[in-house]
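Q: Please take a close look at one part of this model, the place where two of its chains meet. I would like the contact described first, and then the residues around it.

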Amino acid sequence: MSLALIAALPFLGALLPGLMIRSGRNAASGFAAFFNFLALLGIALNTPAVLRGEVILAQFNWLPSLGLNANFRLDGLGLLFAGLILGIGLLINFYARAYLSKSDPVGQFYTYLMLFQGAMLGIVLSDNILLLLVFWEMTSLSSFLLIGYWKHLPEGRQGARMALTVTGAGGLAMIGGMLILGNIAGSYDLSVILTQKAAIQASDWYLPALILILIGAFTKSAQFPFHFWLPHAMSAPTPVSAYLHSATMVKAGLFLMARMWPVLAGTPEWFWIVATTGLVTMIMAAKIALFKDDLKALLAFSTISHLGLITMLLGYGTKAAAMAAVFHIINHATFKAALFMTAGIVDHEAHTRDITRLGGLRKLMPITFGITTIATLSMAGLPPFNGFLSKEMMLEEASHTLWLAPWAMGALATIGALFSVAYSFRFLGHTFLGPVRDDYPHTPHDPGFGLWGAPALLTVLVVVIGAAPMTSAAWLVDAATTAVTGEPAHAYIKLWHGLEPLALWMSVFAVGGGLVLFGLHQPLLALWDRTPRPEAKRIFDGIIEPFAALSRGLTGALHDGALTRYLAIGVVAIVALGAYAFDSGTHLPGTRAPTPIEIVPAFGWILLLCATLGVVVAHHNRFVSLVMLGVVGLIVSVGFAYLSAPDLALTQISVEVVTIVLLLLALNFLPKATPRESSTPRRLRDGAIAGITGLGAGGLIYALMMRDFAFPSIAGFHLANAKTGGGGTNVVNVILVDFRGYDTFGEIVVLGIAALVIFALTEAILRGGPANDRLLNWTPRAPQAGDRHPVMMVVATRMIFPIFVMVGIFIFLRGHNLPGGGFIAGLIVAIALVLQYMASGFAWAAARQKLEYHTMIGFGVLIASATGAGSWLAGRPFMTTNYTYIHLPPLEEFEVATAALFDLGVFLTVLGAVLLALSSISRIATRAGEQGSAEPLDLVPGKEEAR
Amino acid sequence: MELLVASAVGMMTAAGVYLILRQRTFPVIVGLAFLSYAVNVFIFASGRLTVDLPPILTKTALGYADPLTQALVLTAIVISFGMTAVIVMMSLGAYLESGDDRIDMTDTPEDDT
Amino acid sequence: MMSHWIIAPVVLPAVVGALIVLIMRHDLVLQRVFAMATGALMAAVAGGLLWSASVHPAEAYHLGNWPAPFGIVLVLDRLSAMMVALTVALWLAVQLYAIGSGWDTRGRHFHALMLFQLMGLCGAFLTGDAFNLFVFFEVLLIASYGLMIHDGGRDRLRAGVQYIAFNLVGSTLFLFALATIYAVTGTLNMADLAVKVAILPAGDAALIRVAGVLLVLVFAIKGALVPLHFWLPATYSLAPGPVAALFAVMTKVGAYAIIRTCTLIFPPSTPATGMLFAELLLPAALITLTVGAIGVMGAKTLSRLVAFAVIASMGTLFIAISRFDPQSTAAALYYLVHSTLVGAALFLTADLVSDRRAHDRLTDSLPPIARSGLIATLFFGGAVAIAGMPPLSGFLGKLLILDATRGAMLPLIWTVVLVTSLITIVGFSRAGSVLFWKAHASAGEPADTKDEPLTFAAVILLLAALAAMTVAAGPIMAYLGDTAAQLYDPAGYIAATALQGAN
């Protein structure tokens, strides 16, 4: 069976349980088990080849440009781990089926479990370290979900987050390490990397890579000082603890070290970092385990300790040590998984895992007791069980490893073994031995086969491997060791080596000492409780919580909604960077002759200065500032006229009028004054920012105006082709409707959208809610004028209305050749209508408003689009114009351009947009209770009731 | 002439920037209007200054002002008009909804938890 | 070969938008039908353009049949085609959600504005003219103003005012920059600028540098680069959910514009500007990423958390962009697509939550919500993707960027990227466990079980797209590799516009 398929099977198995959450435990577990079994079968089919020494590969391109390929490999090491993952996985599946209660969402559980299994299997089958990273991080994620499986338990949630944080951090560090490793080796494929030992260990980047990768491995395998997350992960359901936190996930770190052993091991750095970390972890965790009352906590620390042991062996960097490590991986998986399950059984039956509330279970649950005894003795490293064998090998290696002093390593290793004997006896003794108690939370008895079957099978393995290691396990150890060390290995494991070996006496001492410690447990416990010691969770929270608080404060303070500060920062940044860009480039001042200054513009300039200052100074009085703003706009438009831009002048002035009217109408509902609330320093700061920005803008445009174009401007073409190509003499207008008609198209769309936005906004305001209420009981602050519709004004506006419209049409028609055009025309007609509103009120004018504004806008945009698209019929691009001259007497010959049609669209859109905007305000006014009488005048001749 | 125009641009920019840093919506809108005057003149001037040479083709003209920048300014004016209209109405709406025309939202919903 | 299809992504939505305003503004059903139909049509067009761009060299469309640089041209190349396709895809998903959740019933002109928004985005991606880019920026902005305050409300309107004010300053800056560019070079056509800036007289260097920096700053505002990002959190978190989701592509407009201008007009090889932009962008990007990650950790509501995640992703994106070499740009483009889709998915998920809750605060938890399991799964998927965890595309994107950022800055860049990823992971895990796990601790039954299949379909589609990006990473990167190559060889682009005359 192809490795890729095998790797995919667990994920397939994850699918259905999740989808059929309601379908009950048997369906879910059965489905998962089926795929689990298939995968195991696949591995089994490949086993003979692997044992023959072959390395099975399956390669697919995934992301070649990165060197990330879906390459899988199966060698001895992979075989060992795949066997563990799938074999124990099957047992866990069986065990969990009985363990989980009716109320638990079993479908979810099996989905998560199979996701984890797939990720784990992926790690051990990857032949590409980037692919390995993918699966690596997925184990962190799926274990996060599994630990937090019981959502309602706070410790579950916290444990899950802690595990994700620590292992996630390790994973990120490992990403860095792996990328560096790949850079050195020139490939991310293991098959290549494993051949690059020399290059890698010679590289300057070796140490960074090593450290980063080891951080990943240590966090995953709960090595000191990253071990603290594992005990908190025990809030997961026991099947999870048994699977992830004893047999598989925590071994991923060991796997990685074993996997990278050929290229990373053998250097002093490797030895000192790995061996020392392992040693410290082994002793420290074993000691803590001795004093834990929670069965699972005890097992958790025992697990950490054994992981340390294996890490230490890998750290030695010798072939024999590696072999011992491999062997202990197998043995630990068997007895520790069994022990977790029995702990779960006790918890399940007695409803507590607290040793101090247990004891004497021997008689109540004999089967469980039997299983536990064998597994525990193996954990303690007593003959004839498999734990003894690998522990002997460990002590043997330790005894002749030079670390600080010749004897140091051996001695310390013995101490570690001693502790593990002690806590093993405590686990067994204080739970099962002793008198039967009558105060169990729930009187326990042996569970059904569903629960004890799996651990029983594992203990059988414990016994068999212990009794006949050569036949039962040596072949696997050989294969794995060969894969780890890269050279053929042949294990020679047996129970009895005679009395000579030092290791024997070391373990005798360990057992003896362990029994003594066990006896002295009470006084030691008292001592332990008195000694202060760091509590991992508190430290972890002590880091995370303040950081979270800091982030909250920082984020809140930075983004507190103070737009004025945002803008200040933004403006300063813009000016500063602009200045930097200018300063860091070469600049030659321009050579253009300045146009002479005359009196009139100079006078206008002074006027502008006054008006501008006026606005700034008097901006607290909004009405005044508005009037002066109008003056500024007026001067600007006059300036345009003076500087040969008639179109701009016309546009500016008409826009000015409409804008001011709009602002006046809005001001009717806004406060009339701006309170003085900025402190003097604040005003000075803003003044400084403003001044510098002004200097920047002024200086920039001056520098530009005083120089010639570096290259002839494209405007020349426009001047040359306006008449011949565009059929108009007003080049500006021809540019607007022809050369750059597409801009104008976008521009009128903008206006149209603006009107729609304003309309929608008004609807939202008037729909009800605080704004509407505020309007409904609106009391005009300023006293209203005596007569709202002055006779003179009404009459005047009536009279000029047709004139305005005429002018508008005239301006529109001549636009193509003389200053004017659709936009200006639209504004002029709009103004004419606005005047009617002002004179006779909205209601009256609206009553005479035949064409709906929306229609105007939509129609305008459509006409413009249609004119543009019309050129498609001629096979020309969008917006290609066409024109001809028509002569119908008595009129003189005039020219008709499709551009004029386009301009009509502009006209309509502008008109509609302006009126829609103004009418929206009027609607607000109406809601605010300004009775717009439907009469043209306040006093209508012949209608007495008008007032 | 260039000096006058440049200083005018500077003035209006400065005024605009000062006003957009005020704390109420209305002066900010006025400030934005100022900025759009400033930038319109800026674009216009970027076509260099000419007197009495409108870009209207005639037989007798000695030369023409840059028509392109004028067209660009026209577009800019129109667009900024639309934008002004929208922000005016929106600040009006915001004022009516909250009874307060401060532009800073120092009381953002996430803070009143 | 000249095909009118290039202009279709602009004209089509404009016409339908106008029609909706004209004749069906009172009939929501018709609006929905026409909007979705247009979307489908646009998808077909975009697909066609994508295909055409991938098999043909860059292709120009001379509007008004005027020769470049005197008229306006649209240019279709791999990048613009890809951006249009991405936009249309996102737009469709968002529309689906808006219709399914009934957001479009809560105010007027939703569909018209959505269509004009689409028009503005496509126009901005397709244009080959600097000033026309401004015009379409304004189109998409003013449409976004309308969408942002859709359905009104106090905070939304106030945030809307801020959003507009900030962007009006940006638009003004845009005009300053364009005028400067024109005053120096005398042209507005981007291809023409590419030619002329490259051979600019030394004495003009300082001024064109100013113009370039101002231009990039305008785009940096859109792209939410620190210190110009301040407008984003309030806007995105207070905008209607689907609108915020659509805005996920608005920040990318800034990224696109920077990639375009800095590879076409101001490539590192240009003497006047050189590595100026790389020098400015990298530090800003690193800070942006940090600010975003801290924001994810410190956000008090789900929608703000997502907003900061978007800022962080922009930081990551700009790190890759600031390298200005083909490999990094290809990586950046992959990450750009990814972050757009995932940002949208998360905003929609946040809307699913806040729609079923009184609030989406992360400080205190509420009873479990209807469909909690499904929503939690969607959130988990989105979080995994945006935090850059496998198996979704975020992880690949991050690997690609890390792999591309070798060189002197490697230690700094890698440290920032990896540490911020951790912060993001922690932030999201905290938020998720409060929102979805802690809820089960507090007793209480799910509130009203509202069943809106379309909304879930939209989010699932977006996540499915991420999964597809992961699986098909190989071919996608092949396309993006060629895209980057095309960007760093502007000759084709310039040739397409067939410049004439004045130079």
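A: What follows describes the contact between chain B and chain A, then one residue of chain A, then the nonpolar cores. The model is predicted, so local features need pLDDT of at least 70 and side-chain atom pairs count only at pLDDT 80 or more, while totals for chains, interfaces and linings use all residues. Residues are numbered from 1 along each chain as its sequence is written, chains are lettered from A and ligands numbered from 1 in the order in which they are written, and side-chain values use heavy atoms, with hydrogens and water left out.

Chain A brings 113 residues to the contact and chain B brings 84, where contact means heavy atoms within 4.5 Å. The size of an interface is often given as the accessible area lost when the parts come together. Between chain B and chain A the buried area is about 8800 Å², and carbon and sulfur atoms give 77% of it; this area is what two parts lose in accessible area (1.4 Å probe) on being put together, summed over both.

Four salt bridges are counted between chain B and chain A, each a side-chain nitrogen of Lys or Arg within 4 Å of a carboxyl oxygen of Asp or Glu. One salt bridge joins Arg22(B) to Asp686(A), with the closest N and O atoms 2.1 Å apart. On the side of chain B that touches chain A, the elements giving two or more residues are α1 (2-20), α2 (25-45) and α3 (67-98) of chain B. Of these, α3(B) gives the most, with 27 residues. Helices here are DSSP runs (H or I, at least four residues), numbered from the N terminus.

On the chain A side, Thr659(A) sits in helix α28 (residues 646-667) of chain A. Thr659(A) is buried, with a relative accessible area of 13%, buried meaning under 20% (1.4 Å probe, protein chains only). Leaving aside neighbours within four places in sequence, Thr659(A) is in contact with Phe81(B) and Thr84(B). A polar atom of the Thr659(A) side chain lies 2.6 Å from the backbone oxygen of Val655(A).

The largest nonpolar core has 620 residues, and those with the most contacts inside it include Tyr742(A), Phe878(A) and Phe34(B). Such a core is a set of buried Ala, Val, Leu, Ile, Met, Phe, Trp, Tyr and Cys residues joined through side-chain atoms within 4.5 Å. The element that gives the most to this core is α3(B), with 21 residues. Apart from it lies another core, of five residues, among them Leu382(A) and Phe425(A).

Definitions and conventions:
Buried means under 20% relative accessible area, exposed over 50%, partly exposed in between (1.4 Å probe, protein chains only). A polar contact is a pair of N or O atoms within 3.5 Å; within protein, one must be able to donate a hydrogen and the other to accept it, and residues adjacent in sequence count only if both atoms are side-chain atoms.
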